[in-house]
Amino acid sequence: MFAWVLVSGILAAAAIGYLGVFVIFKRVALAGDALSHVALPGIALALALRVDVLWGALPVLLLAAVIVYFVSKSAHLYEDAIIGILFSLSLAIGVLFINLENLEAALFGDILHLGAGEMTVTILLSLIILLSVWALHRPLTLTCFSSDLARANGVKVERTNLFFFVLLALAVGLGVKVVGTLLVGSLVIIPSSAAANLARSLKSLTALSIGFAALSTALGLLVAHAFRLLPGPMIVIFEGVLFLLTLTGKLARQRAR
Amino acid sequence: MDPILQVENLSVELDGQSVIEGLSFEVGRGETVMVIGPNGAGKTTLFRALMGFIPYRGRIAWKPEARLGYVPQGVDVNREFPLAVRELFHLGKQRLNEKAIEEALSLVNSAGLARRTLSNLSSGEFQRVLIAFALAERPEALLFDEPTSDIDVGGQETIYHRLQQIGREQGLTLLMISHDLNVVLRYATQVLCLNKGFKCIGKPMDILTPELLRRLYGDEVGFYRHTHGVRADSDSLGRD
């Protein structure tokens with residue numbers, strides 16, 4: 001059973017790590033964080049309806065993704081402020097409606113207690129996200145690099161951005177199961193940031209980001225399982241360690257130059 | 001003249017403010033059109049309208065099926081992205097092989113940059129890569145938005161010279177935003193000047209008069225200060 005938990009966790013982390021590459025270079029790290037907190041009211045709803053939390057989290061996340069997309073599109077709005085408001089409001093509503101015994105799982109994840117059905121959904125969704133990002137990597141990369149250059153090369157920038165936020169919402173939904181709403185933002189940002197410290201090409205950036213996400217999830221789950229700790233925080237701690245190591249490597253390389 | 005582009009009564013608004021109003025001009029195939037004007041005059045906006053990126057009123061008619069190349073200004077590009085130069089070329093419309101990438105890069109004297117990372121290039125190298133990327137798609141017209149600063153004048157002269165040569169060899173039409181009046185005088189077949197409501201179009205010799213430059217940039221001619229010490233103030237143009 002634990003082997004399947006490992007597989008689901010690693011695949012979900014890999015999917016999030018892949019998207020994270022585009023999150024940090026689109027400079028929408030805050031949006032990723034906001035999305036994760038939006039999951040909380042969805043989880044509350046799912047608990048009230050006695051369905052799997054994913055079915056509560058996903059619709060709310062998709063709705064939020066569309067909101068974030070329109071906010072990021074409009075130059076007139078204070079993007080950061082609006083995303084910040086969305087973020088804290090969802091957290092407040094969520095915490096208010098989730099009872100204490102479920103709150104820990106909602107905030108920090110409960111991947112060690114996934115049922116067989118939930119694991120199947122997690123694995124399938126992870127694979128769908130990984131394949132979609134792979135299929136969209138050309139327009140996504142060009143849009144990140146320069147939206148005008150993307151348009152000049154026939155990329156539908158608006159549509160690409162909408163797809164991106166929808167995929168991010170799905171990935172965050174998975175991450176919520178693995179590390180919980182409070183920490184899923186770090187799952188999006190840390191592996192890709194660590195990869196960016198070392199990468200010299202998109203290929204290595206992608207491979208390292210996915211690799212770091214998978215590695216820290218595997219290590220975090222194993223340690224948490226062995227010592228009966230919460231897996232979410234453990235995973236994030238391993239990611240943090242990887243980030244510090246790569247940062248040290250980057251600084252050493254800069255000094256050597 | 002065989003026109004590749006006809007613009008009639010073009011008006012563009014940004015955030016409810018009129019940036020370009022009632023602009024009309026025509027560009028013949030193989031011409032080099034330089035767009036000049038102070039910062040905020042709407043030069044980049046004009047290019048973005050010509051490329052069809054933003055809504056406009058009036059008429060922009062490119063020759064049917066004309067292939068357009070675009071070189072954005074450095075500030076509109078995410079230079080932190082650790083993308084290898086050759087990976088950028090893989091993202092274009094046509095999937096170029098290694099040899100074609102080398103060829104495109106050597107067109108702008110940048111052979112050997114293919115394996116470098118974009119985020120590690122100098123501003124000049126970076127710009128040449130963007131030009132090579134645009135040229136690799138074999139455009140009929142190239143729209144080149146020159147950055148205001150950052151790039152050494154010597155390298156810049158070479159790039160204009162090179163583009164001019166490529167233009168002649170391949171019948172490429174060039175539309176460039178330039179901040180260097182020496183370059184404009186030397187290479188432009190047509191000059192388009194923009195400043196809010198004011199605009200003018202014509203051959204460089206005919207329209208680049210001290211009076212026009214004062215009208216375009218104001219009395220202070222502070223504009224010339226960032227042309228890296230090149231003497232291009234209105235007096236040294238030597239024309240009354």
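This is a short walk through a predicted model with chains A and B, starting with helix α1 of chain A.

## Helix α1 of chain A

Helix α1 covers residues 2-25 of chain A. Its length checks out: with 24 residues at 1.5 Å each, α1(A) should span 34 Å, and the C-alpha atoms at its ends sit 35 Å apart, so the two agree. The helix does have a kink, though, of about 30° and centred on A:L19. Just past the end of α1(A), A:R27 adopts a positive phi of about 55°.

Most of α1(A) is covered, with 18 of its 24 residues buried.

## The largest nonpolar core

The largest nonpolar core has 163 residues. The members that touch the most others are A:A15, A:L19, A:L35, A:L61 and A:L168. A:L19 is also where the kink in α1(A) is centred. As for who supplies this core, α1 of chain A gives the most, with 14 residues. Chain B takes part too: at least three residues come from each of its domain 1 (25-53 + 140-240) and domain 2 (78-139).

For a look at one of those well-connected members, try A:L168. Leaving out residues up to four places away in sequence, A:L168 touches A:L19, A:V23, A:G32, A:L35 and A:A65.

## Where the chains meet

The contact between the chains uses 21 residues from chain A and 20 from chain B. On the chain A side, the elements giving two or more residues are α7 (137-145), α8 (147-152) and α11 (202-227). Of these, α7(A) gives the most, with 5 residues. Sorted by type, the chain A side has 11 nonpolar, 5 polar and 5 charged residues.

## Chain B at a glance

Chain B mixes 8 helices with 9 strands. Of its 240 residues, 41% are buried. If you take the contacts in chain B with a separation of 6 or more, 71% of them link residues 24 or more positions apart.

## An exposed histidine

Back in chain A, have a look at A:H113, which lies in the loop between α5 (100-108) and α6 (116-135). Is A:H113 buried or exposed? A:H113 has 10 other C-beta atoms within 10 Å, so it counts as exposed, given that the cut-off for exposed is 12 or fewer.

You can also use A:H113 as one end of a ruler across chain A. The other end is A:K250, 137 residues further along the chain, and the C-alpha atoms of the two are separated by 38 Å.

How values were computed
Residues are numbered from 1 along each chain as its sequence is written. Chains are lettered from A and ligands numbered from 1 in the order in which they are written. This is a predicted model: local features need pLDDT of at least 70, side-chain atom pairs count only at pLDDT 80 or more; totals for chains, interfaces and linings use all residues. Two residues are in contact if their C-beta atoms, placed from the backbone, lie within 7 Å. Helices (H or I, at least four residues) and strands (E, at least two) are DSSP runs, numbered from the N terminus. Ala, Val, Leu, Ile, Met, Phe, Trp, Tyr, Cys and Pro count as nonpolar, Asp, Glu, Lys and Arg as charged, and the others, Gly among them, as polar. A nonpolar core is a set of buried Ala, Val, Leu, Ile, Met, Phe, Trp, Tyr and Cys residues joined through C-beta atoms within 7 Å. A residue is buried if 20 or more other C-beta atoms lie within 10 Å of its own, exposed if 12 or fewer, and partly exposed in between; C-beta atoms are placed from the backbone. Domain bounds come from an automatic or database domain assignment. The expected span of a helix is 1.5 Å times one less than its number of residues. The bend at a residue is the angle between axes fitted to the seven residues ending there and the seven starting there.
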